[in-house]
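Trainee: I have a model to go through and some questions ready. Could we take it piece by piece?

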Amino acid sequence: MSPLDHKLLRDLWRIKGQAGAIGAVIAVGVMMLVMMTGLTASLSETRDAYYERYRLAGVFAPVARAPEQLAERLTEIQGVSSVETRVQGRALIDLPGQVLPVQAQAVSLPDRGRPALNDVYLTDGRMPATGRPDEILLLQSFAAAHDLRPGDTLRATMDGARRSFDIVGLAQSPEFLYTTAPGELVPDDARFGVIWMVRSGLAAAYDMDAAFNEALLGLTRGASEASVLDAVDRLLEAYGGSGTYGLADQFSNRFVSEEILGLEAAAVGVPPIFLAVAAFLLYIVVGRMVQSEREEIGLMKAFGYTNAEVGTHYFKLILAIAAGGALAGCLGGIAAGRALIGVYTAYFKFPFLVFQLDPASFATGVTVSILSASAGGLFVLRRVFALTPAVAMRAPAPPNFSRTSRIGQSLNRFLDQPSRMVLRRLTRQPGRMAGSVIGIACGMALSVAMLTIYAGFDRTIDLTFSVVDRSDVTVSLTHPVADKTLFELMRMPGVERVEPVRNVSVVFRNGLKGHRGALIGLPQGRELNRALDASMTPIDLPERGVVLSDVLAGMLGVSPGDTLTVDVREGRQPLLQVPVAATAQTLLGSPAYMDLDALNHILREPGRISGAYLMIDDAEAEAIYTALQDMPTVAGVSLKSQAREAFVTLMNQGAGAIRYVMGAIAFVITFGIVYNAARIALAERARDLASLRVIGFSKGEAAFLLLGELAVVTAVALPVGALLGYYLSFGIAAGFSTDLYQIPATFDPVSYGQATLVVLVAALMSGSLVKRDLDRTDLIEGLKTRG
Amino acid sequence: MNTKTPDTMLPAYTTRGLTKVYGEGRSAVHALRGVNLEIPTGEIVVLLGPSGSGKSTLLNIIGGLDRHTEGTVMFRDQRLDGMSYADLTRYRRNHVGFVFQFYNLMPSLTARENVELVTEIADDPMDPDEALALVGLKARTDHFPAQLSGGEQQRVAIARAIAKQPDVLFCDEPTGALDSATGRSVLRVLADVDKRLGSTVLMVTHAASQAKMADRVIHFADGDIREIVENREKRTPEEIAW
């Protein structure tokens with residue numbers, strides 16, 4: 001080993017604290033990159049493999065009632081590779097001990113053999129036997145939530161008839177990775193079940209003999225989905241087709257894909273921030289080393305070492321830190337990826353795991369960190385090259401502080417010598433000062449942004465469930481009924497307020513852009529479910545025209561004043577042109593609102609409702625639930641408290657959980673940055689401080705010089721960091737927002753206060769660590785250090 | 001520039017009108033004002049003069065550490081002026097050894113490793129242990145600079161300078177930071193090395209008495225040579241007091 005390499009190792013050991021802090025910053029950047037790309041690659045691979053192995057359909061065609069012979073004609077459509085027809089319908093499951101029935105979907109399986117499309121994965125038990133309409137498969141996650149297993153019986157109501165079934169098996173399915181009750185957005189395993197049974201049995205229950213009410217189509221490679229959708233729509237129109245849609249619009253798939261996309265966005269957007277911060281720190285630290293080793297550099301040059309040889313030596317130092325950090329990051333990324341992938345696989349309900357750590361992410365992680373570190377290092381190397389041996393070995397001239405004497409001359413009267421030294425040093429080297437300020441401000445910004453995001457999640461929950469929706473119970477009806485049902489509801493003892501709602505499933509279109517969703521009709525003077533604008537005041541629903549959520553308006557590319565095509569998918573299925581009256585900020589889903597009367601008017605179905613919001617007296621809850629269950633038109637009842645709980649769970653799992661990981665990393669980085677700033681200040685001041693101690697200053701007085709500087713730098717960095725954090729939070733909030741929910745980046749004073757506290761605690765800890773080192777400094781050694 | 005055979009016919013160094021100006025305009029400082037000088041091969045030459053007289057600047061320029069502003073500098077028959085940085089680096093690597101007032105050892109390397117720093121890149125170096133034995137530090141080769149006294153550190157610096165068996169040894173105030181007894185032992189080492197290797201030794205000093213061990217003494221003042229004295233009665237370091 002060459003003596004220079006010995007020097008390298010000992011230098012690394014000497015600056016181990018700083019090298020460790022920088023290495024850690026690089027490591028977390030690389031860790032996030034490796035972990036998140038590995039995670040997203042694994043999840044999308046697993047999803048794709050799952051879809052393929054269980055033959056998930058590419059096109060879904062719900063229809064009122066179509067004769068089985070039509071299947072033949074569907075097969076003939078160009079681009080269709082396979083067709084599976086089935087019967088499906090709504091059911092209510094009665095669970096012992098629960099007053100409220102649980103909504104469920106019943107889906108048919110072929111009488112013999114497996115379905116050509118949308119096969120199920122049997123996790124327990126066996127398939128229902130041919131000719132046994134009383135045997136069912138139950139969705140595994142629902143069964144787990146209610147502790148049901150094969151051998152148990154289940155009571156359910158199908159099309160008004162109560163029946164008892166034997167559970168013979170539990171299953172998972174690629175089309176039910178996520179399930180929600182109709183009209184709800186947030187998945188909840190416990191509140192929505194899926195029942196599979198043989199086709200003949202289900203057809204009897206729903207009066208679908210020799211008919212189907214849903215066709216599934218597989219597409220050939222390279223088929224045009226749009227033209228298949230068109231052809232299917234035309235074919236099913238006469239039989240009450242309610243709008244064919246592709247896989248992208250399938251609820252479960254959309255949700256899963258959104259989550260994976262969210263992870264992907266974070267994988268691309270977040271690590272570069274960490275790596276840039278690390279490069280900046282490396283630049284400062286190595287630059288400082290070169291400054292303090294001027295003599296040694298000069299000496300090596302005097303001995304005949306070339307610029308390249310000397311440069312290589314310092315570059316190796318940078319590389320060692322960067323590569324060490326990158327390596328630790330890769331290992332950490334693998335470990336974290338492996339730990340999290342299990343959680344995610346359970347969360348996404350994949351039956352198997354295609355674990356894939358993307359080797360490209362290692363290469364990217366290592367390369368990017370070394371490149372960014374080198375970028376910081378290159379500036380330093382330029383300084384190494386510029387030093388001529390004779391200049392390097394002369395002590396640098398004392399920095400000229402003459403200009404600064406004027407600054408604060410008026411202050412001098414009030415300042416003692418040490419305070420003047422602090423002030424002059426800060427003003428004499430504004431570049432260095434700015435470096436430290438920006439460094440600490442970056443830490444502050446990261447903390448502010450992450451805390452704002454935390455607050456944003458809370459705000460989303462709070463706004464959605466306290467401000468927008470103030471009801472206790474949502475009742476959904478089997479089909480649009482006359483609004484006199486409201487009186488029935490109102491007459492129930494304990495019901496304090498009832499408001500009607502009408503949900504109409506539609507496809508919004510603007511040119512080539514389209515979105516499958518619902519038009520929500522709300523009455524005037526509503527109190528329970530309100531559409532709110534950006535300033536959280538209720539929006540007036542105009543007599544005509546639709547109010548769109550910001551997200552939906554964005555997706556469709558329309559703004560107030562434009563006209564939107566609304567393709568109604570129920571009843572007479574009219575095609576309507578509706579003006580966009582306004583947009584509203586919503587946090588959950590992408591709803592479109594209309595005045596209830598206006599909606600009924602354009603549908604030419606006056607006085608119809610499809611559900612109601614109820615405010616109830618908690619004491620009467622059970623009686624109300626029982627009464628609701630006895631109403632034949634009630635399809636389902638959901639409680640806001642349960643919905644809220646499900647939403648909180650959703651946000652604390654999956655992509656939402658990543659915010660805690662990122663928050664922890666932001667705090668680590670903040671500390672790393674502040675500690676580095678303090679170390680650098682100590683290294684630069686060692687000589688001055690030793691001199692002060694020699695001429696009789698106490699340890700505390702000498703420390704004031706150092707910590708005073710750190711205090712001023714921190715104080716300046718706080719507002720700068722707050723401002724940076726304000727803008728950074730928008731970027732991060734956008735990364736966390738999905739089609740399903742939006743995370744607002746609103747100014748939250750508490751977050752800023754907490755972030756300030758984080759930075760101050762980091763500064764205090766760093767200050768005390770550095771002061772400890774300062775107290776241990778050998779005075780003579782300190783005097784030899786060049787300032 | 002690869003021959004190490006001293007050519008006694010040629011002086012080690014010849015300068016003509018050597019000028020060095022730091023800064024420009026009103027703040028310009030003339031460190032050397034047209035110095036004309038010949039330094040014979042194999043001699044011990046002492047440069048004497050007060051601070052700021054230009055002796056260290058001359059040493060830096062002929063040692064290839066710094067560039068001059070005007071004039072010519074010859075090392076044997078090679079011109080140093082006009083050499084590229086790469087050529088100057090090669091010149092220092094192959095021909096020149098340096099000893100500095102503040103030793104300038106690498107604090108993170110042991111005594112032997114400090115010497116190896118030079119032997120590693122030199123063409124025909126001594127064994128590092130041999131060089132350390134020559135300066136009487138055989139027993140302390142694995143000590144770090146912080147574990148050595150000032151005199152010992154300077155001896156390591158000398159070992160490091162001679163280990164490459166240089167044609168020229170430049171010593172800038174080699175005893176400046178040492179007490180007289182330690183300084184004398186350092187000068188002893190320098191004299192021995194000069195005898196053994198036949199190198200030309202150029203030594204800058206404040207202490208006029210040290211000139212007594214030189215073959216030739218050059219007096220500097222205000223950036224130029226005031227006089228050159230050939231020493232007919234060389235003293236040994238032990239006979240010198242300062």
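**Helices, sheets and cores**

Mentor: Start with a helix pair, and remember that this is a predicted model. Helix H2 (residues 16-53) of chain A and helix H10 (residues 307-348) of chain A have axes that come within 6 Å and cross at roughly 35°.

Trainee: Which hand does the crossing of H2(A) and H10(A) have, left or right?

Mentor: Handedness depends on how the near helix is turned from the far one, by less than a right angle. Clockwise counts as right-handed. For H2(A) and H10(A), the crossing is right-handed.

Trainee: How many charged residues are in the contact of H2(A) with H10(A)?

Mentor: Go class by class. The contact of H2(A) with H10(A) has 24 nonpolar and 12 polar residues. The charged count is none: no charged residues.

Trainee: Which strands stand at the edges of the open sheet S2-S10-S1-S11 in chain A?

Mentor: The four strands follow the order S2-S10-S1-S11, with antiparallel pairing. An edge strand here has a single partner strand, so one side of it is left without a neighbour in the sheet. The edge strands of chain A are S2 (80-86) and S11 (245-246).

Trainee: What is the bridge partner of Glu84(A) in S10(A)?

Mentor: S2(A) pairs with strand S10 (residues 211-219) of chain A in the antiparallel sense, over six bridges. The partner of Glu84(A) in S10(A) is Leu216(A).

Trainee: Which helix of chain A packs on the sheet, touching S1, S2, S10 and S11?

Mentor: Its direction makes about 10° with that of S1(A). It spans residues 225-236 of chain A. The helix is H6.

Trainee: Now chain B. Which strands are at the edges of the sheet S2-S1-S4-S5?

Mentor: This is an open sheet of four strands with antiparallel pairing. Inside it, strand S1 (residues 13-22) of chain B is joined to strand S4 (residues 70-75) of chain B by five bridges. Each edge strand pairs on one side only. The edge strands of chain B are S2 (29-39) and S5.

Trainee: Which residue of S4(B) stands opposite Arg16(B)?

Mentor: Another bridge into S4(B) links Thr14(B) with Met74(B). Opposite Arg16(B) stands Thr72(B).

Trainee: Which residue takes a positive phi in the hairpin of S4(B) and S5(B)?

Mentor: S4(B) and strand S5 (residues 78-79) of chain B pair antiparallel over two bridges. Phe75(B) stands opposite Gln78(B). The hairpin has two residues between the strands, and the one with a positive phi near 50° is Arg76(B).

Trainee: Which element gives the largest share of the side of chain B that touches chain A?

Mentor: In all, 19 residues of chain B are in contact with 19 residues of chain A. Helix H2 (85-95) and helix H3 (111-119) of chain B are the elements giving two or more residues to that side. The largest share, five residues, comes from H2(B).

Trainee: How many charged residues does the side of chain B that touches chain A have?

Mentor: That side has eight nonpolar and four polar residues. The charged count is seven.

Trainee: Which residues touch the most other members of the largest nonpolar core?

Mentor: In soluble globular proteins, nonpolar side chains tend to be buried together. The largest core here has 239 residues. A second, separate core has 47 residues, including Ala531(A) and Leu603(A). In the largest core, the residues that touch the most other members are Leu217(A), Leu47(B) and Ala159(B).

Methods: Residues numbered from 1 in each chain as written. Chains lettered and ligands numbered in written order. Predicted model: local features only at pLDDT ≥ 70, side-chain atom pairs only at ≥ 80, totals over all residues. Core = buried A, V, L, I, M, F, W, Y, C linked by C-beta atoms within 7 Å. Buried ≥ 20, exposed ≤ 12 C-beta atoms within 10 Å, placed from the backbone. Axes fitted to C-alpha atoms, helices over the stretch in contact; angles between N-to-C directions. Nonpolar A, V, L, I, M, F, W, Y, C, P; charged D, E, K, R; others polar. Contact = placed C-beta atoms within 7 Å. Pairing = 2+ DSSP bridges.
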